[in-house]
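User: I keep meeting labels for residues and pairs. Can you walk me through the reasons behind them?

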Amino acid sequence: MNIIKIASCLEKNNIVFCGGSVRETYQEITEALRDQKIPGDPVMVYIPSPMPLKAGLMMIMRSHDPEAPDKLTVNELLERLSSLESMTWVFMDHFEDLSEKASRKYLWLHENGNITYMTGLTGTFRKANPSECMDEESVDVTVAVFAVISIIIAFCYFRVGVREGFMAAGALWFGLITFRTMTYIAG
């Protein structure tokens, strides 16, 4: 992994890292900054995930101000963090485990503050797998598996239907209904 390239990307925008550990990258960038292989002096924060929103924001705040009071609300933390002058790089694994509310607050902080994120997607989303995490060799076989299951069910229904005197059209119809139902459930 080219740490200098990652650091230059972090200076410009957020990074989503699919299928790996962001903690390792965080440690490598920390070492490169310490050895002055990377220019600049960003504040580095690693947030273990899943972590509640307020606790994550508090970790970012404490990296800038270790004496920050515990009694701050989420909105107060967002205001203080958005007004910080220094560049902050936040590293998070398991970004897919964040709630929608938390991800929106982190995005707001990126848009209104001087904070950039490197997040890792290492699991699956609750609704679907992100297609961005599929590399060139990956193939999505969901539809093919559903089609095979539907054909097998259609043949079973056809065999029972022929034995009982029903028409093959009923078997085909039943297979199509099965396929449509499985794609609806999966999608």
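User: What makes the pair Arg104 and Glu100 a salt bridge?

Analyst: This is a predicted model. In it, the closest N and O atoms of Arg104 and Glu100 are 2.4 Å apart. The rule asks for a side-chain nitrogen of Lys or Arg within 4 Å of a carboxyl oxygen of Asp or Glu. The pair fits, so it is called a salt bridge. Side chains of opposite charge can pair when their charged atoms come close.

User: Where do Arg104 and Glu100 lie?

Analyst: Both are in helix H5, residues 100–112. They sit 4 residues apart, about one turn of the helix.

User: Why is Arg104 called exposed?

Analyst: Its relative accessibility is 56%. Exposed means over 50%, so Arg104 earns the label. Glu100 has 52%, so it is exposed by that rule too.

User: How many salt bridges does the rule give?

Analyst: The count is 2. Arg62 and Asp70 form one of them, with N to O at 2.2 Å. That value is within 4 Å, so the pair qualifies.

User: Why is Arg62 called partly exposed?

Analyst: Arg62 has 31% relative accessibility. Partly exposed lies between 20% and 50%, so the label follows. Asp70 has 55%, which is over 50%, so Asp70 is exposed.

User: How do you know whether Thr88 is buried or exposed?

Analyst: Its relative accessible area is 1%. Buried means under 20%, so Thr88 is buried. Thr88 is in strand S3, residues 88–92. Beyond four places away in sequence, it touches residues including Val43, Ile60 and Ile115.

Methods. Residues numbered from 1 in each chain as written. Predicted model: local features only at pLDDT ≥ 70, side-chain atom pairs only at ≥ 80, totals over all residues. Heavy atoms only, no water. Buried < 20%, exposed > 50% of the residue type's maximum accessible area, 1.4 Å probe, protein only. Helix = DSSP H or I, 4+ residues; strand = E, 2+ residues; numbered from the N terminus. Contact = heavy atoms within 4.5 Å.
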